[in-house]
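Visitor: Could you walk me through this model and tell me how each label is earned?
Guide: Gladly, let's look together.

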Amino acid sequence: MIVVPLGYVWWGSRVPSTYNVMDMGYVDVGGGSPVPMTGGTPVSDLTGPATGAPAVTVTLVARRQSFRLASGEQVDGYTLNGRSPGPVIRATQGDLVQITLVNRDVGDGVTLHWHGIDVPNAEDGVAGVTQDAVRQGGRHVYRFVVPDAGTYWYHSHQVSHEQVKGGLFGTFVVQPRDAAPAHELVAPVHTYDGRRTLAGRTGDRRLVTAPGQNARIRLVNTNDGPLVTWVAGSSYRVLAVDGHDVNAPSEIRGKAVVIPAGGRADLEITAPTDGRAARVDVGSAAVLVGPAGARRAETPVPDGRVDLLHYGSPTALPFDPAHPDRRFEYRIGRRIGFENGLPGFWWSINGHLWPDVPMHVIREGDIVTMSISNTSGDVHPMHLHGHHAVVLSRNGVKATGSPWWVDTLEVDSGDTYVIAFAADNPGIWMDHCHNLKHATQGLVAHLAYAGVTEPFTVGAGRQDVHNHPE
């Protein structure tokens with residue numbers, strides 16, 4: 001009586017070696033009208049412009065190799081163009097960019113995902129969902145128009161929990177049209193073999209600035225856990241979050257900012273006039289902002305945190321979230337069960353274990369709200385591909401500050417957020433935890449538009465390489 005039900009559950013948890021993500025789990029239409037799930041446009045047709053001269057052309061060569069950090073330490077991992085982080089890609093809002101990915105010798109295959117840039121679906125760079133992984137010796141061309149100015153990054157979405165950790169990532173900065181030159185530093189924070197680095201360097205990195213001059217620090221959290229950052233020796237402002245400007249940001253003193261895994265924050269710091277350099281601290285690494293040779297200011301991590309739910313000033317949204325077309329729940333928990341035949345204590349979504357997870361189905365033009373709650377006992381940075389969402393509330397408390405736009409939202413255990421977005425980018429999109437190890441353990445769902453079909457498969461792809469998006 002015990003063995004037979006357990007055997008049934010065990011058998012039902014097993015996943016084929018090759019499968020289509022559209023066959024996973026169950027359909028959830030969010031209380032809206034029924035949606036047909038057959039026929040339509042394949043993901044592979046949802047590309048960027050096929051013609052036109054690109055304003056930005058970049059080739060990125062991926063390798064599995066040993067390399068040196070900018071500060072000299074040796075690392076065994078992955079590189080792009082012989083280094084990690086990979087090159088900073090710079091463009092202007094509205095530019096057509098063309099990026100060629102070449103896989104020199106990464107045996108597992110590789111892709112590039114443009115984290116936070118709302119690209120057409122076929123350009124999203126997710127193995128087995130939007131393309132096949134690029135096999136060793138192969139190449140793939142991405143072409144898309146960058147729609148929004150901001151701070152973004154790119155990283156592999158094939159065996160991502162290993163390749164990103166090993167260094168297969170870089171940053172992507174999109175400047176506004178007609179923007180004046182800025183005094184700035186692009187500062188990805190990444191931990192290599194236990195060494196926390198800032199812009200590829202352990203220790204301090206100096207941005208030479210005249211006393212009283214403003215500087216913009218574009219912080220990118222490329223690790224799996226939250227990043228706590230604070231400023232010593234100066235007040236600061238949070239200019240942007242996840243590539244979207246904060247409306248009327250106010251000065252901050254004595255508080256730290258928490259950036260979720262995968263998230264970004266642009267900070268404005270005014271160089272002190274007292275002979276010191278302001279210190280933007282990310283924990284065992286820092287940016288010093290001030291004159292050359294100025295001594296650094298020191299302040300321990302503050303107890304207070306900037307609450308982006310109430311930071312800045314409100315302004316109108318581009319859509320009305322009060323009467324959405326679809327309402328979804330994304331309840332993150334943890335429970336005992338079988339996942340792909342293995343017993344364990346696994347992450348769950350709406351009480352279900354992967355692959356029996358929801359497929360959130362929408363129509364183009366819908367206004368969508370999603371309640372994301374977490375009772376799992378751990379923090380989860382939730383990343384929705386292809387869209388930016390605005391935070392409406394946390395634990396029933398409504399947002400009162402600047403519209404807080406996110407593509408990666410830190411949901412702590414015990415918290416419930418309600419977010420909203422416009423369904424304006426057709427495709428099949430991942431919606432997963434950006435603690436990439438958690439994604440390998442089943443904290444992955446998808447958002448599917450009606451009329452879009454999936455030609456790719458996880459597992460054996462059409463090339464001689466297996467697709468493993470997590």
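Guide: What follows is a short conversation about a predicted model, taking sheets, a buried residue and cavities in turn.

Visitor: What makes S4 and S8 the edges of the four-stranded sheet?
Guide: The strands of this open sheet follow the order S4-S3-S6-S8, with mixed pairing. Strand S4 (74-80) and strand S8 (139-145) each have a single partner strand, so one side of each is left without a neighbour in the sheet. From one neighbouring strand to another, the turn averages 25° when direction is ignored.

Visitor: How do you know that S6 and S8 count as paired?
Guide: Pairing takes at least two bridges between two strands. Strand S6 (residues 96-103) and S8 are joined by seven bridges and run antiparallel. Seven bridges meet that cut-off, so the two strands are a pair. You can find Ile 99 opposite Tyr 142 of S8.

Visitor: Why is Asp 132 called buried?
Guide: A residue is buried when its relative accessible area is under 20%. Asp 132 has 8% relative accessibility, so it counts as buried. Look for Asp 132 in the loop between strand S7 (113-115) and S8.

Visitor: What makes the approach of Asp 132 to Asn 467 a polar contact?
Guide: The cut-off for such a pair of N or O atoms is within 3.5 Å. The side chains of Asp 132 and Asn 467 make their contact at 2.8 Å, so the distance fits the definition.

Visitor: Which strands does S33 pair with, and how do you know?
Guide: Strand S27 (residues 367-374) is linked to strand S33 (residues 416-422) by seven bridges, and the two run antiparallel. Strand S29 (residues 389-394) is also antiparallel to S33, with four bridges. At least two bridges are needed, so S27 and S29 both qualify as partners of S33. Val 418 in S33 is a handy landmark: Ser 371 stands opposite Val 418, and Ser 393 also stands opposite Val 418.

Visitor: What makes S1 and S32 edge strands in the six-stranded sheet?
Guide: This open sheet has the order S1-S26-S35-S34-S28-S32, again with mixed pairing. Strand S1 (26-28) and strand S32 (408-411) each pair on one side only, and that earns them the name. The average twist between one strand and the next is 25°.

Visitor: How do you know that S28 and S34 are a pair in that sheet?
Guide: Strand S28 (residues 380-384) and strand S34 (residues 428-433) share three bridges and run antiparallel. With a cut-off of at least two bridges, three are enough, so they pair. Leu 384 faces Asp 431 of S34.

Visitor: How many cavities of 30 Å³ or more are there, and what lines the largest cavity?
Guide: The structure holds six of them, and the largest cavity encloses about 100 Å³. It has 14 lining residues, and the closest to its centre are Ile 372, Met 382, Leu 384, Asp 407 and Ile 419. At least two lining residues come from each of S27, S28 and S32, and S28 gives the most, with three. The lining comprises eight nonpolar, four polar and two charged residues.

Visitor: Which residues line the second largest cavity?
Guide: That cavity has a volume of about 80 Å³. Among its lining residues are Val 241, His 244, Asp 245, Leu 308, Trp 404 and Trp 405. By class, seven are nonpolar, two polar and one charged. Asp counts as charged, so Asp 245 in the lining belongs to the charged class.

Conventions:
Residues numbered from 1 in each chain as written. Predicted model: local features only at pLDDT ≥ 70, side-chain atom pairs only at ≥ 80, totals over all residues. Heavy atoms only, no water. Axes fitted to C-alpha atoms, helices over the stretch in contact; angles between N-to-C directions. Buried < 20%, exposed > 50% of the residue type's maximum accessible area, 1.4 Å probe, protein only. Polar contact = N/O pair within 3.5 Å; in protein donor to acceptor, adjacent residues only side chain to side chain. 1 Å grid on protein atoms, 1.4 Å probe; cavity = no way out; pocket = protein on both sides within 12 Å on 5 of 7 lines; lining within 4 Å. Points joined across faces, edges and corners; volume = space filled by probe spheres on them.
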